[in-house]
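Q: I am new to this structure and would like a close look at one part of it. Please take me through the sheet and what packs around it, step by step.

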Amino acid sequence: MASEESWKDKYLRELDEAEQREKQWLAERNVLERMLVRTSLASEGQTPELDNLLNRLRSDLRKQKFDIDAWKALQDQIDKAITRLDEAEPKGPKADTQVVAPAKPTGSEHDIAEEGHRLRIARRVGQLLGLLLNQVSLEPEVESQARTLQQTLLSSNDWEVLREGLNQVAELVIEAVTRSQREFETFLKRLDERLETLRQHFSEQSDAYASRHNDTATLDREIRSELSKVSEDIQHSQDLQSLKQSVSQRLEFIGGALERFCTRDAERDEMLAQQLNAMQEKVAAMEAHSEQMQAQVRRERERAMTDLLTQLPNREAWQERLSFEYNRWQRYRHPLSVSVIDIDLFKKINDSFGHKAGDRVLQLVAREMKSRLRSTDFIARFGGEEFVLLLPETGLEAARDVVEQFREHVGKLPFHFGGKPVSITFSAGVSEFRDGDAEDTVFDRADRALYQAKEAGRNQVMVD
């Protein structure tokens, strides 16, 4: 019977583990499908042939149609389309002339294109380095070197110099990260030294109090002893004159004992007063330094939770706020909506006008959306050209109206690149928390609605 029970337990355990593996596989598959759709959307606009192939891929994903043989054939077609795209001659120079490779008197067009690509990378790293320097604190000498390096990355056309500069960027990032750690370690060391000083003060005070207690006990014994002797002298003395002399000596001894006690007590009080002043100064210095470190920790935390480019909260800050609002929603069940927003054809903006133009678009869109939100709302840059929005106390339709107003406002913004007006639009998906939802469930629905908006032609808001 025991072996039968053991067999059942093993069977149930294996069944449970199989179910867990299936859930994990489904979750991983969902993530991979989302990544595949995102990648295909980001790759649009290269050639009509490639766009058509990618559209077939997304259609299969939407319909949950997975024909391995058909997908292998589709993959071969996509690979060939990408190969033809890579072999095509480079198109005309970009509007951002700072990132175009210099002309060479010799060398193939492929080498020139590769050189231009390298220079664009260096220019981009130079821009990001500038953002980094505006956000972190470095030693004056290191910051001066970083500024010089930034100018080199933004202006030099010598790839060997640029390559060395890119290597130095990594060292600067490490320096920026470790500086705060060194400062905190120094603070802990100073704190430890001051705590040791305070411990010594407390130890000395404890010794002083013990000494006073001993002196008091000694004085009490001496006085009692002398008074006892006086009493004996009075009882046994036959001569008044000798009795006076004996009592006088006893009283003189008691007076001397009291004087010694008062002198030692005054010395202790003076020492304790000095130690108390020193302790107060140490505590005040510790409090001041602690406040400075707390303020620095708060600043560093804000920097760690802030996107450098847009100055919006970043993905980590989003996860923290989402958890907070989700817990509040579970407690009170007030309406709570989520929106995922993605700028349309952002890759074309970068390709046509350069990364500076793309950065400027992200900054302006972020600023405009943030300025039109309530203080209780929360917007963050989720990554790339994607933003996420939390709308507490807001139902699905009201949230859709808010995002729709954003979309209309952004579409009317006067963007100009290369002297030409450019229309910037975004697509968005909106969803609301429902019974049984987890933190990420609503995001996934909003993300799915975003894909539907993209598939339906972009520049629109859809709900799920």
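**The sheet and its surroundings**

A: Let's start with one pair of residues: serine 427, in strand 6, is the bridge partner of aspartate 342. Keep in mind that this is a predicted model, where local features need pLDDT of at least 70 and side-chain atom pairs count only at pLDDT 80 or more, while totals for chains, interfaces and linings use all residues. Residues are numbered from 1 along each chain as its sequence is written, and side-chain values use heavy atoms, with hydrogens and water left out.

Strand 1 (residues 336-343) and strand 6 (residues 426-432) run antiparallel and are joined by seven bridges. Strands here are DSSP runs (E, at least two residues), and helices are DSSP runs too (H or I, at least four), both numbered from the N terminus. Two strands count as paired if DSSP finds at least two bridges between them. As a general point, strands of a sheet pair through backbone hydrogen bonds, either parallel or antiparallel.

Stepping back, the open sheet has five strands in the order 2-3-1-6-7, with mixed pairing. Strand 2 (378-383) and strand 7 (461-463) are at the edges with a single partner strand each, so one side of each has no neighbour in the sheet. From one strand to the next, the twist averages 20°.

Now for the helices on the sheet. Helix 11 (residues 396-411) lies across strand 1, strand 3 (386-392), strand 6 and strand 7, and runs at about 170° to strand 6. Helix 12 (residues 439-455) also packs on the sheet, touching strands 1, 2, 3, 6 and 7, and its direction makes about 145° with that of strand 6. For these angles, axes are lines fitted to C-alpha atoms (for helices, over the stretch in contact), and the angles run from 0 to 180 degrees between N-to-C directions. Contact means heavy atoms within 4.5 Å.

Finally, meet helix 9 (residues 346-353), where Phe346, Ile349, Asn350 and Phe353 are buried. Seen down the helix axis, these buried residues fall within an arc of 100°, so they line one face of helix 9. That arc is taken over the directions from the helix axis to the C-beta atoms, and buried means under 20% relative accessible area (1.4 Å probe, protein chains only). What covers the buried residues includes strand 1, helix 10 (355-371), strand 4 (415-417) and strand 5 (420-422). Just after helix 9, glycine 354 takes a positive phi of about 95°.

Notes. Buried means under 20% relative accessible area, exposed over 50%, partly exposed in between (1.4 Å probe, protein chains only).
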